[in-house]
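Trainee: I should like a close look at one part of this model, namely the empty space inside it and the residues around that space. Please set it out as one connected account.

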Amino acid sequence: MSNTPAVPVLMYHHVTPEGGMIAVTPEVFDRQMARLARAGYTSLTAEQFAGYLAGEAVPKKSIVITFDDGYLNNWVYAHPILQRYGLHAILFIVTGLIGDGEARPCAGQGTDLPATPDHHACKKILADGRADDVMLRWSEIQAMREAGTFEFHSHTHTHTRWDKECGEDVDAKRSHIAQELADSRDTLQRHLGEVSDHLCWPQGYFDTDYVDAARAAGFRHLYTTDAFGQNLPGTSPGHIYRFAVRNLPGSWLNRRIWLTAHPQLGAGYVAWRAWKKRIRKRK
């Protein structure tokens, strides 16, 4: 039995005082990051994590911090907190929703901060065509890259579930997915000068057509919303497990990380959680 700890991958979306669905407040996020830093955790880059999956050594207490979509609140609140504790995160951006313009204020700059609505309000604002009100700008992305708090990878170009949009028209579905990935890669290359082989699925959904298109487009490390497994050396980079971080104290997060990473207890823990989820669905 291996004594190598798994590397848990944490999944965030929003850090906002508004709280709500798939969000943590800045106060909770600060306490979570402070606790991780005090406990001596290393937040890996995508390159380091890829190396770990391929068998390279990483610090014993390693994690990956990920954010999905690219909301403005990641710059306003998450960025300064990560910077305070010397931690690093991976942000999967919906490239077609990122705007232009000057960087807006972030926490700690002593100026009025932009509004950061909750998830439901963000969805409505996006549906109204006002993405710049709630999504990042390239100037903010560049500032975070330079600070070392975030690195940026693909979450597709429009976050569209083409399996739903195209229904039974499989050829149209495949064509749209391929175009979606090509547009995302082109946008990242144009604005950041590089594009990686790391991709996060929109809404966590994927099937054979999605996976085939991703591989054809040059993506190899594929991030899911599946929490019921461990990321260990030699496990498939095409199915990376992540768990959603709740708006709970740092003690909860550290305990969850410890259980998920444990080389002996971890497999039983994630299997137990999967069993609990199946039981709830039956009720």
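Mentor: One definition is needed at the outset: a residue is called buried under 20% relative accessible area, exposed over 50%, and partly exposed in between. The structure is a predicted model, and every value below is computed from it.

The open spaces come first. The largest pocket holds about 550 Å³. Its lining consists of 27 residues, and those nearest the centre are Ile22, Asp69, Tyr71, His119 and His159. Four elements, β1 (9-12), β3 (23-24), β5 (62-69) and α4 (119-127), each contribute at least two residues to this lining. Of these, α4 gives the most, with four residues. In terms of class, 15 of the lining residues are nonpolar, nine are polar and three are charged.

His159, one of the residues nearest the centre of the largest pocket, deserves separate attention. His159 belongs to the loop between β7 and α6. Its phi is near 65°, a positive value in a residue other than glycine. Most residues other than glycine have a negative phi. With a relative accessibility of 23%, His159 counts as partly exposed, because the buried class ends at 20%.

Thr156 is found in the loop between β7 (150-154) and α6 (162-166). Thr156 is not a glycine, yet its phi is positive, at about 75°. Its relative accessible area is 5%, so Thr156 is buried.

Thr156 also leads to the enclosed spaces, since Thr156 is among the residues that line the second largest cavity. That cavity contains about 60 Å³ of space. Thr156 shares the lining with Thr160, Trp162, Ile177, Glu180, Leu181, Trp201, Pro202 and Tyr210. Helix α7 (residues 170-192) is the element that gives the most to this lining, with three residues. By class, the lining comprises six nonpolar residues, two polar residues and one charged residue.

Helix α7 also carries Arg185. Arg185 is buried yet has no salt bridge, and the nearest side chain of opposite charge, that of Asp186, is 6.4 Å away. For a salt bridge, the side-chain nitrogen would have to be within 4 Å of a carboxyl oxygen. A polar atom of the Arg185 side chain does, however, lie 3.5 Å from the backbone oxygen of Ser196.

The count of cavities of 30 Å³ or more is three. The largest cavity has about 80 Å³ of space. It is lined by 15 residues, with Ala227, Gly229, Tyr241, Phe243 and Thr260 nearest its centre. Eight of the lining residues are nonpolar, four are polar and three are charged.

Ala227 provides a link to the second largest pocket, where Ala227, Phe228, Ala244, Arg246 and Arg273 lie nearest the centre of a lining of 13 residues. Two or more of the lining residues come from each of β10 (243-244) and α10 (265-282). The greatest contribution is that of α10, with three residues. The volume of this pocket is about 320 Å³. Its lining is made up of five nonpolar residues, one polar residue and seven charged residues. Ala227 is thus named among the residues nearest the centre both for the largest cavity and for the second largest pocket.

How values were computed: Residues are numbered from 1 along each chain as its sequence is written. This is a predicted model: local features need pLDDT of at least 70, side-chain atom pairs count only at pLDDT 80 or more; totals for chains, interfaces and linings use all residues. Side-chain values use heavy atoms; hydrogens and water are left out. On a 1 Å grid over the protein atoms alone, a cavity is a set of points where a 1.4 Å probe fits but cannot get out, and a pocket is an open set with protein on both sides within 12 Å along at least five of seven lines; lining residues have an atom within 4 Å of a point. Grid points are joined across faces, edges and corners, and a volume is the space filled by probe spheres set on the points. Ala, Val, Leu, Ile, Met, Phe, Trp, Tyr, Cys and Pro count as nonpolar, Asp, Glu, Lys and Arg as charged, and the others, Gly among them, as polar. Buried means under 20% relative accessible area, exposed over 50%, partly exposed in between (1.4 Å probe, protein chains only). Lys and Arg count as positive and Asp and Glu as negative; His and the chain ends are not counted. A polar contact is a pair of N or O atoms within 3.5 Å; within protein, one must be able to donate a hydrogen and the other to accept it, and residues adjacent in sequence count only if both atoms are side-chain atoms.
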